[in-house]
Amino acid sequence: MFATRSRLVHGWRNFLFRDPGLPPELLPAGWPGEKARVYFEQEAARLLPAAAAFVDKEL
């Protein structure tokens, strides 16, 4: 889970370079920014316990 969460965070960081962070009314129709944020937050939270346990075990 640690590797999966790391890939998720890396993908999110890459997305942030492409997301202009504009108000919704200035974005093209169907811009995936909000959907991407919700997905990232849900998946990051789901993977966190197992990833943290892995890191704690390795210390």
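## Exercises on helix α2 and the largest pocket

E34 and R37 are 3 residues apart in helix α2, which means that about one helical turn separates them; helices are DSSP runs of H or I of at least four residues, numbered from the N terminus. The model is predicted: local features need pLDDT of at least 70 and side-chain atom pairs pLDDT 80 or more, while totals for chains, interfaces and linings use all residues. Residues are numbered from 1 along each chain as its sequence is written, and side-chain values use heavy atoms, without hydrogens and water.

**Exercise 1.** Find which residues the salt bridges that share partners join into one network.

*Solution.*
Step 1. Apply the criterion: a side-chain nitrogen of Lys or Arg within 4 Å of a carboxyl oxygen of Asp or Glu. A search of the whole structure gives 3 salt bridges.
Step 2. Take the pairs in turn. E34 and R37 are bridged by their side chains at 2.3 Å, N to O. R37 also forms a salt bridge with E41, with the closest N and O atoms 2.8 Å apart; these two residues are 4 residues apart in helix α2, about one turn. The side chains of E43 and R46 form a salt bridge at 2.8 Å, N to O.
Step 3. Look for shared partners. E34, R37 and E41 are joined into one network.

**Exercise 2.** Classify E34, R37, E41 and E43 as buried, partly exposed or exposed.

*Solution.*
Step 1. Set the classes by relative accessible area: buried is under 20%, exposed over 50%, partly exposed in between (1.4 Å probe, protein chains only).
Step 2. E34, at 48%, is partly exposed. R37 is partly exposed at 29%, and E41 is partly exposed at 43%.
Step 3. E43 has a relative accessibility of 19%, so it counts as buried.

**Exercise 3.** Describe the lining of the largest pocket.

*Solution.*
Step 1. Fix the terms. On a 1 Å grid over the protein atoms alone, a pocket is an open set of points where a 1.4 Å probe fits, with protein on both sides within 12 Å along at least five of seven lines; lining residues have an atom within 4 Å of a point.
Step 2. Count the lining. The largest pocket has 13 lining residues, and L22, L27, W31, G33 and E34 lie nearest its centre. Helices α1 (2–18) and α2 (33–58) are the elements that give two or more residues.
Step 3. Rank the elements. α2 gives the most, with 3 residues.
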